[in-house]
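Work through the two exercises below with the model open. Each has a task and a solution in steps.

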Amino acid sequence: MIALDDVTLTYPGRTGPVTALAGTTMHVAKGEFAAVVGPSGCGKSTLMKLVTGLIRPTAGSVSVEGQKVTGPVKVAGMAFQHANMLPWRTVLQNVMLPLEIVEPYRRRFSREKGAFRDKAMALLNVVGLGAFADRFPWEMSGGMQQRASLCRALIHEPRLLMLDEPFAALDAFTREELWGVLRDLWQKLGFTVILVTHDLREAGFLADTIHVMSARPGRIVETRRVPFPRPRALDVCYLPEFTALVHELRNKIAEVRQAA
Ligand SMILES: Nc1ncnc2c1ncn2[C@@H]1O[C@H](COP(=O)(O)OP(=O)(O)OP(=O)(O)O)[C@@H](O)[C@H]1O
């Protein structure tokens, strides 16, 4: 579904060119949950921008669903570390926002507002926010806002969900709660995911495949399949095999940081 082949990305930079990625190759199958981990500044966000078509590769190719990426990718939904809810809109209105912007929903919006509203409410119910639809974001906790942000990313039924450290700003308990929310949404809706994270336990719990990047200029130095069967419960994180996986990933990242 997603293919990066031998991708190089060089930013012009204010004090001279900065090569963020060099020779990056990564493939993600349809419906797969992929995680990308690596040292700080290795180009993870750059990789996300390339897949969503916000920037073009300097060399190599990026394709989504067999189509070369040449501009913003319509099949993708996105969520980031900060929920970035619009404070003057209620939670429900925030979740419905993409339907006012993204075609083909945009042209149908005024006619089908009732049906769209039902769709947004259904998603809010899945993430446990049904009763909070008419609240404003500033009346809710960070975890609740991040749940709403996942709904907003999924409201236009994207086939690809791009997540750039979506839970990094949350406390450990809320983060684990949200892992469960994301796991359930993914199992129910079947989209493909690329999750950028610094949290190796998060990657191990959620992903089918974990791609480890080298220090800048980033490339994928290892791809690990996560062997734990699904559906996964949080208990999986306490298995010795899980701890061993996290250790191996941590060692690999330490190694690539030292090599930089
Ligand atoms: N617009 C830009 N111009 C110049 N350099 C940039 C630009 N954007 C990113 N970079 C540089 O490219 C490298 C990769 O950046 P990127 O944000 O993709 O890394 P990252 O892995 O997401 O970082 P982090 O883990 O800290 O979030 C960094 O060294 C960064 O300083």
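**Exercise 1.** List the residues around the ligand in this predicted model, then find which element gives the most to that shell.

*Solution.*

Step 1. Going along the chain, the ligand is surrounded by Tyr-11, Gly-13, Val-18, Ala-20, Ser-40, Gly-41, Cys-42, Gly-43, Lys-44, Ser-45, Thr-46 and Arg-216.

Step 2. Sort them by class: 4 are nonpolar, 6 polar and 2 charged.

Step 3. Assign them to elements. At least two residues of the shell come from β2 (18-28), and at least two from α1 (44-51). The largest contribution is that of α1, with 3 residues.

**Exercise 2.** Describe helix α6 (residues 172-189) by its span, and decide where on the helix its buried residues lie.

*Solution.*

Step 1. Take the span. α6 has 18 residues, and its first and last C-alpha atoms are 26 Å apart, close to the 26 Å expected at 1.5 Å a residue.

Step 2. Pick out the buried residues, using the cut-off of 20 or more other C-beta atoms within 10 Å. In α6 these are Leu-178, Leu-182 and Leu-185.

Step 3. Look down the axis of α6. The buried residues fall within an arc of 65°, so they line one face of the helix.

Step 4. Find what covers them. The cover includes α4 (113-126), α5 (142-154) and α7 (200-206).

Step 5. Turn to the other side of α6, where Ala-172, Phe-173, Gln-187 and Lys-188 are exposed.

Step 6. Check the residue just after α6: Gly-190 has a positive phi of about 75°.

Note on methods: Residues numbered from 1 in each chain as written. Predicted model: local features only at pLDDT ≥ 70, side-chain atom pairs only at ≥ 80, totals over all residues. Near = placed C-beta within 6 Å. Helix = DSSP H or I, 4+ residues; strand = E, 2+ residues; numbered from the N terminus. Nonpolar A, V, L, I, M, F, W, Y, C, P; charged D, E, K, R; others polar. Expected span 1.5 Å × (residues − 1). Buried ≥ 20, exposed ≤ 12 C-beta atoms within 10 Å, placed from the backbone. Arc of directions from axis to C-beta. Contact = placed C-beta atoms within 7 Å.
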